[in-house]
Amino acid sequence: MVLRAPRARPRKAAVRRILLATVMLAPACASMPPVPAGEVALHAETRPAMSTMVTVTAAFPEGPELRAAIDAAFAVFARVDEVMNEWRPGSPLSALNAAAGSGRPVPLPGDLCQVLRAGRDGAERTGGLFDPTWAALRGVWRFGDGEPPRLPSDAEVAAACPLVGWRDLEIEPLATPGSDAPCNAWLRRAGMQVGLGGLAKGWAVDRAVAELRARGLRDFTVQAGGDLYASGTRGGRPWRLGVRDPRGAPGDPFAWVEVSDAAFSTTGDSERFLVVDGKRHSHVIDLRTCRPATASRQVTVLARSALEAEILGKAVFVLGGEDGIALAARNGASALIVTSENRVVASTVRLEVVRPPTP
């Protein structure tokens, strides 16, 4: 579970479309190599959305078809931000949180219902290591809110921790596979909160991928913050993506991995953390203790969807090591873990480690 404070939204919806020789992809990945001779050029467009920067990169000829496809992909992010942003007053997710403990079912649109069901399912499959109701802890642990760093008291943690519990997120009907039908949902106890954060970004990436494919694109990537989906190939070969060094410079990968028709998601403690008395505290919370997870510095997960990579990334980060690799494997995914001791543990993937991570 990633604790996020509200971030200032970009003031200008500055749009840039460029013909790329090199694409920088951070923090999920560091970079891609230059375009080989004879390969179709890459077209990339970046826009602000969902409190991050979203980039669509496509190996596709410039023209009206590409423009329509890219616009459709970005429209997905606008929709998700409207519906699933708990910081937006009046959003359906805000309404759900505001009604916590009232016993009153809140009518929700079908896309939000699907994400909430996916969150509950992910919580069940990870034994609660991932939990969409983590947000009850938001006011306890604060990262990047402009206040001096401090650790919460034991009493503060003990008071908030019991409010985290995915089983008390009720959805009716609970299961409607493949349906966009609306639902009713409610949180059983006052003080509970749902925070979708990265889960909503993963959902948006997957929906944007579907929009691009429906419009004829096959070879492209969609990235939102730490979530990236690589579709098809780059010049007939898998997309080669750099894995960020968690203690190194943002554009300096320590490993490379080849990805095709899969999601690539990185969770780490390099961007958001607290340092108190010389000790770094990760923003990823171990919901078994409601305190920062300590097993990992960084986790990269390759999964069949960006939403699945988000769910597994947080859970694998909490477990770390061989246990984290095993959890990913049980769910049909692969993982690359940099442990808290700076040890690299990886599934069997097309991975090239070029140097050890920075100590």
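## A walk through the model, starting at Cys 290

Select Cys 290 to begin: its relative accessible area is 0%, and under 20% counts as buried, so Cys 290 is a buried residue. Keep in mind as you click around that this is a predicted model.

**Stop 1: the disulfides**

Stay on Cys 290 and add Cys 161 to your selection. These two cysteines form a disulfide, with their sulfur atoms 2.0 Å apart. If that word is new to you, a disulfide is a covalent bond between the sulfur atoms of two cysteines. Look along the S-S bond of Cys 161 and Cys 290: the torsion there is about 75°, so this disulfide is right-handed. Now colour the chain around both ends. Cys 161 sits in the loop between helix 4 (154-160) and strand 5 (169-172), while Cys 290 is in the loop between strand 14 (285-286) and strand 15 (291-292), so you have a link between distant parts of the chain, 129 residues apart.

How many disulfides does a search of the whole structure find? There are 2. For the other, select Cys 113 and Cys 183, whose sulfur atoms are also 2.0 Å apart. The torsion about the S-S bond of Cys 113 and Cys 183 is about -100°, which makes the disulfide left-handed. Cys 113 belongs to helix 3 and Cys 183 to strand 6 (residues 183-187), so the pair ties together parts that are 70 residues apart in sequence. Is this pair buried or exposed? Both Cys 113 and Cys 183 are buried. Number the bonded cysteines in sequence order and the pairing reads 1-3, 2-4.

**Stop 2: the largest nonpolar core**

Next, show the side chains of Phe 77, Met 84, Leu 96, Leu 108, Leu 116, Leu 196 and Val 222. Within the largest nonpolar core, which has 87 residues, these touch the most other members. Helix 1 (residues 64-84) supplies the largest share of this core, with 10 residues. In soluble globular proteins, nonpolar side chains tend to be buried together.

Zoom in on Leu 116. Skipping neighbours within four places in sequence, Leu 116 is in contact with Leu 96, Leu 108, Leu 169, Ile 171, Ala 185, Val 194 and Leu 196.

**Stop 3: strand 3 and its partners**

Now pick strand 3 (residues 52-58). Of its 7 residues, 6 are buried, so strand 3 is largely enclosed by the rest of the structure. Strand 2 (residues 42-49) runs antiparallel to strand 3, and 7 bridges join them. To see one pairing, select Ala 44 and its bridge partner in strand 3, Thr 57. Then go to the turn of this hairpin, which has 2 residues between the strands: Met 50 takes a positive phi near 55° there.

Strand 3 also pairs with strand 7 (residues 220-224), again in the antiparallel sense, over 5 bridges. Click Val 56 and look across: it stands opposite Val 222 in strand 7. You have met Val 222 before, among the residues that touch the most other members of the largest core.

**Stop 4: helix 7, a helix with two sides**

Select helix 7 (residues 321-330) and look down its axis. Gly 321, Gly 324, Ile 325, Leu 327 and Ala 328 are buried. They fall within an arc of 160°, so they line one face of the helix. On the other side of helix 7, look for the exposed residues Asp 323, Ala 329 and Arg 330.

What do the buried residues of helix 7 pack against? Show helix 3 (110-125), helix 6 (306-319), strand 17 and strand 18 (344-346), and you have the elements they pack against. Just after helix 7, Gly 332 takes a positive phi of about 75°.

**Stop 5: Val 338 and a second core**

Move along to strand 17 (residues 334-339), where you will find Val 338. Val 338 has a relative accessible area of 1%, so it is buried. Measure from its C-alpha atom to that of Gly 321: the two are separated by 8.0 Å and are 17 residues apart along the chain. Val 338 is part of a second, separate core of 16 residues, which also includes Leu 228, Ala 230 and Val 259.

**Last stop: Leu 274**

Finish in strand 12 (residues 273-276) with Leu 274. Its relative accessible area is 5%, so Leu 274 is buried. Add Pro 149: the two residues are 125 apart in sequence, yet 6.2 Å apart in space, C-alpha to C-alpha. Besides Pro 149, Leu 274 touches residues including Trp 141, Phe 143, Leu 151 and His 281.

Note on methods
Residues are numbered from 1 along each chain as its sequence is written. This is a predicted model: local features need pLDDT of at least 70, side-chain atom pairs count only at pLDDT 80 or more; totals for chains, interfaces and linings use all residues. Side-chain values use heavy atoms; hydrogens and water are left out. A nonpolar core is a set of buried Ala, Val, Leu, Ile, Met, Phe, Trp, Tyr and Cys residues joined through side-chain atoms within 4.5 Å. Buried means under 20% relative accessible area, exposed over 50%, partly exposed in between (1.4 Å probe, protein chains only). Helices (H or I, at least four residues) and strands (E, at least two) are DSSP runs, numbered from the N terminus. Contact means heavy atoms within 4.5 Å. The arc is that of the directions from the helix axis to the C-beta atoms. A disulfide is a pair of cysteine sulfur atoms within 2.5 Å. Two strands pair if DSSP finds at least two bridges between them.
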